[in-house]
Each structure stands twice: as C-alpha cells, then as structure tokens.
Amino acid sequence: MINVTDTIKKAYEESTTQYDKIILEGKEYYIDNVQYCDDCYLDGNIFGTAIARTLDFEIENNVDLEKKEFEYLTGIKTENGIEWISLGNFITQEAEPDEIGKTITVSAMDYMLKSNVEYKTELDYSRGTVTILQVLQEACTLAGLVLATTDFANAGFIVDSNQFSEGSLIRQVFQAVAQISGTFAKIRYDNKLYFITPKRTGLTVREVHTMKVKDLNKLKVAKLTGCKNKIRASDYSELTLKRNTHPINLVSLGMSDIEGENVVLKDEESIEEDGENSLVINDNPFAYTQAKREQLITALFNVVKGFKYTSFEIVGQSKPYMETGDEVVVIDTDGTYCNSFLFRFNYKSRNGLESEMSAPSIIKATVAYQNVLQAIDIAKRTEIIVDKQEQTITGIIDNQSKLFTKEKSLVLQKYI
C-alpha cells in the first residue's frame with residue numbers, strides 16, 4: 001500500500017470524484033477518462049508472474065506524447081485542498097487522436113516495459129559463485145531498472161551456467177526468479193522492481209465463520225482497529241464472496257517432458273485435513289537437474305506452504321493507494337468479514353464507483369516456464385533503446401499484438 005495522509009483516506013470514504021494529471025518534461029497536464037490496471041494474476045495463478053501496470057486516458061490534442069515517459073498522479077479534494085498520489089512513471093505505447101482531432105487517447109505501461117529486451121549475460125560462471133540474486137541484479141541493470149527486493153527465497157542459490165537461451169527476454173528472467181522464490185514481480189509506484197509474497201497478518205477466515213453473530217461487533221472492533229486496508233459496505237455497489245481457497249500443502253519441481261524426476265514436498269497434516277492442494281512448477285531454468293530441484297524446493301515450499309485466501313469480486317469506490325498483493329479485509333453488509341488479498345485492481349476516474357477489485361481463485365496448479373520461441377524476433381520488432389545513464393527510454397513499438405491483448409478498453413498484457 002502506498003503511504004498516504006489520513007486526510008486522503010478520509011476523503012476517499014466520503015467522495016467518489018477524483019482528479020488526474022501527468023507531469024511531462026516538467027509541465028503538468030490534466031487528463032480525463034482514466035483507466036488504470038494493476039494486476040498480478042495470470043492463467044489461474046499469481047506465482048511467477050511479471051505483469052506491467054497499464055494506464056489509458058484522454059488528453060487535449062496539443063501535447064506530444066508519442067513514445068514519451070511521464071509521471072501519473074491522481075488526486076482527491078480534502079480539507080487541505082487537492083492532495084495528490086503519485087503512481088509512478090509510464091511510457092506511451094499508443095497515442096491516437098479522435099475523429100475531430102480535439103483529444104488524444106493514450107495507452108501507456110509502467111517500467112516493466114523495459115524488460116522487453118533480450119537478456120545477454122556477461123556474468124562469469126566459471127568461478128562457481130554466481131547466485132540467482134546476481135543474475136537478477138544483472139538483468140535489472142541491463143533493463144535500466146532499480147531492484148528493490150534482494151531478500152527472497154533461494155536468492156543465494158549458486159547458478160553454475162547461463163540457462164537462458166539466445167532470444168530470451170529479461171522479463172523471462174524475472175518470471176523464472178519469481179517462480180522459484182514463490183513471488184510475483186511488480187513495478188510499484190516508486191518505479192522500482194519488487195518481488196512480492198502475499199502475507200496474511202489479520203484474522204483467519206475460519207475464526208470469522210465460527211464466531212457467533214452476537215460476538216461479531218466486538219470482534220470486529222478489536223481486530224480491525226489497526227487494519228489499513230478495509231473495504232467497507234459503503235465502498236462498493238456489488239460484492240461477490242466466492243470461496244475460501246484451500247491452503248497450498250504440496251509443492252513439486254519438475255520437467256514437463258520427463259516423468260518421474262519431479263521433486264515433491266508435502267504438509268501431510270494439512271493434506272489430511274484439507275486434501276491435497278498443489279503448486280507444480282515445471283521447466284524452471286534454475287531447476288534443470290534433479291539435484292538442483294532438491295536444493296531449491298525447501299525454501300520455496302516454506303514460502304508458499306499454507307497460502308490461502310477468500311476469493312472475491314467487487315465493483316465500487318477505488319482507493320488508488322492500494323496495490324496488488326495488499327492484504328485486505330472485506331466487510332459484508334451484514335457485518336461479517338473475511339481476510340483476503342488484492343490481486344487485480346482496475347480503477348476508473350473520475351467516477352471511482354465504477355472500479356473493479358478482485359482476488360480470483362488460484363485454479364491452475366501448474367506454473368510452467370514459458371520459453372517464447374520467437375522472443376528474439378519480438379525483441380527486434382520492439383526496438384527499445386535503453387539509456388543506462390539517464391535510465392530513460394525511447395522506442396518504436398511495433399506489432400504489439402504478440403505481446404499484449406485488449407480486454408474491453410483496457411490494455412492487459414500477457415507477456416510483460
């Protein structure tokens with residue numbers, strides 16, 4: 001969650017009107033009809049994803065935004081005037097004028113776009129000291145990104161050779177690290193790259209559902225006083241609480257085309273109580289031998305073991321200081337509530353009441369590393385030039401249909 005003032009939080013409980021602007025080359029420009037998407041859920045899973053935040057908006061047709069980088073801020077009127085929240089820097093993908101040429105519709109992405117270049121390592125593996133963390137640090141340097149997370153599961157694992165084939169994208173390095181560490185990769189509002197494991201600190205779902213109704217109010221006050229991310233009944237117009245996901249209690253590392261070489265760790269006690277709920281990771285570049293899988297699985301298992309949450313969908317008031325991976329408490333109209341996470345956040349401005357927040361259920365147990373065969377051709381067509389000194393980008397974006405898909409009017413990408 002982005003750290004904001006109490007006056008901002010109070011304002012979002014009382015108002016649905018937001019204000020939006022960008023800062024481009026030192027100048028401020030107001031924008032309208034904003035659609036912002038922050039997502040970490042792909043193909044039924046959150047582990048191993050590296051998804052860019054996307055931003056669409058309209059602006060007067062007197063601003064040159066072609067292939068430009070800018071900062072996006074959203075604001076709300078408080079007792080102190082309009083207070084602004086910076087959601088970081090974005091890079092223009094498309095800028096299309098309307099039919100009469102009065103406004104421009106802009107589609108942009110955050111710095112995850114910088115990872116859409118070929119990974120060419122210069123690490124010296126012959127010394128036998130290269131770690132997964134060092135591979136990740138080199139990938140970030142090559143992409144012109146700042147790495148914020150250096151402490152994660154298997155960070156110190158020794159990598160004896162480069163396992164990323166010619167044409168692999170830096171984004172694929174991020175995915176591989178996220179898979180083997182039980183995280184998802186995300187560029188946050190400060191433009192830095194994070195590897196995030198959702199963690200629960202609040203009340204468990206089971207405690208909520210076994211409490212007597214007469215005790216709920218007292219329990220709610222006691223447990224939710226310090227909770228930062230409450231989604232109240234007044235915040236939404238539609239709420240669907242779907243199901244409590246079962247805890248992950250089995251992790252398997254293997255190869256998709258070789259049977260009998262997978263390495264498995266189980267929580268037998270949990271399996272006896274909840275049944276077998278597995279996370280299967282295949283073809284991870286760091287786990288390409290039986291011995292390596294045996295070395296890597298313990299730290300991964302300890303991170304994801306017991307992971308569960310309540311799946312939900314909400315349409316309602318956006319709170320743009322919330323981010324994917326945040327723990328949330330969803331309060332129903334009858335006063336009952338459950339703990340979950342925010343995994344998909346699609347907010348619209350100015351009318352925040354049309355925003356969508358959700359935690360889709362993990363439905364696909366297998367996470368397979370995707371080696372994009374045409375990655376080098378894609379990288380050539382996406383001619384990104386990274387200036388490592390200034391950490392700025394210019395680019396000619398072409399043939400994006402291979403990298404991104406459009407859903408409704410939002411740019412939701414699958415490979416970045």
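Q: What is the relative accessibility of Lys242, and what does Lys242 count as on that basis?

A: A residue counts as buried under 20% relative accessible area, as exposed over 50%, and as partly exposed in between (1.4 Å probe, protein chains only). Lys242 has a relative accessibility of 46%, so it counts as partly exposed. Please keep in mind that this is a predicted model, in which local features need pLDDT of at least 70 and side-chain atom pairs count only at pLDDT 80 or more, while totals for chains, interfaces and linings use all residues. Residues are numbered from 1 along each chain as its sequence is written, and side-chain values use heavy atoms, with hydrogens and water left out.

Q: With which residue does Lys242 form a salt bridge, and which parts of the chain does the pair tie together?

A: In general, side chains with opposite charges can pair when their charged atoms come close. A salt bridge here is a side-chain nitrogen of Lys or Arg within 4 Å of a carboxyl oxygen of Asp or Glu. The partner of Lys242 is Glu313, and their closest N and O atoms are 2.7 Å apart. Lys242 belongs to strand S12 (residues 236–244) and Glu313 to strand S16 (residues 310–316), so this pair ties together parts that are 71 residues apart in sequence. Helices (H or I, at least four residues) and strands (E, at least two) are DSSP runs, numbered from the N terminus. Glu313, at 40% relative accessibility, counts as partly exposed.

Q: Which residues are joined into one network by salt bridges that share partners?

A: They are Glu25, Asp64 and Lys68. By the rule given above, the count of salt bridges comes to eleven, and one of them joins the side chains of Lys68 and Glu25 with an N to O distance of 3.5 Å. This pair links distant parts of the chain, 43 residues apart: Lys68 sits in the loop between strand S4 (54–60) and strand S5 (69–78), and Glu25 sits in the loop between strand S1 (19–24) and strand S2 (27–30).

Q: What else can be read from Glu25, beginning with its phi?

A: The phi of Glu25 is near 50°, which is a positive value in a residue other than glycine. Glu25 has a relative accessible area of 63%, so it is exposed. Asp283 offers another case, with a phi near 65°, again positive in a residue other than glycine. Asp283 is found in the loop between strand S15 (278–282) and H7, and with a relative accessible area of 21% it is partly exposed.

Q: Is Lys292 buried or exposed, and what does its side chain meet?

A: Lys292 is buried, with a relative accessible area of 11%, and its side chain meets that of Asp160 in a salt bridge of 2.9 Å, N to O. Lys292 is in helix H7 (residues 290–304) and Asp160 in the loop between S8 and H3, so the pair ties together parts that are 132 residues apart in sequence. Asp160 itself counts as partly exposed, at 39% relative accessibility.

Q: In what order do the three strands S8, S10 and S9 form their sheet, and how are they paired?

A: Strands of a sheet pair through backbone hydrogen bonds, in either a parallel or an antiparallel way. Two strands are taken to pair if DSSP finds at least two bridges between them. Here the three strands make an open sheet in the order S8-S10-S9, with mixed pairing. S8 and S9 stand at the edges with a single partner strand each, so one side of each has no neighbour in the sheet. Strand S8 (residues 146–147) pairs with S10 in the parallel sense over two bridges, and Leu147 stands opposite Leu193 in S10. Strand S9 (residues 184–187) pairs with S10 in the antiparallel sense over four bridges, and there Ala185 stands opposite Phe195 in S10. S9 and S10 form a hairpin with four residues between them, and Asn191 in the turn has a positive phi of about 70°.

Q: Why is strand S10 described as largely enclosed by the rest of the structure?

A: Strand S10 (residues 192–196) has five residues and four of them are buried, so the rest of the structure largely encloses it. Val173, found in helix H3 (residues 170–181), is buried too, with a relative accessible area of 0%. The C-alpha atoms of Val173 and Ala50 are separated by 9.7 Å, although these residues are 123 residues apart along the chain.
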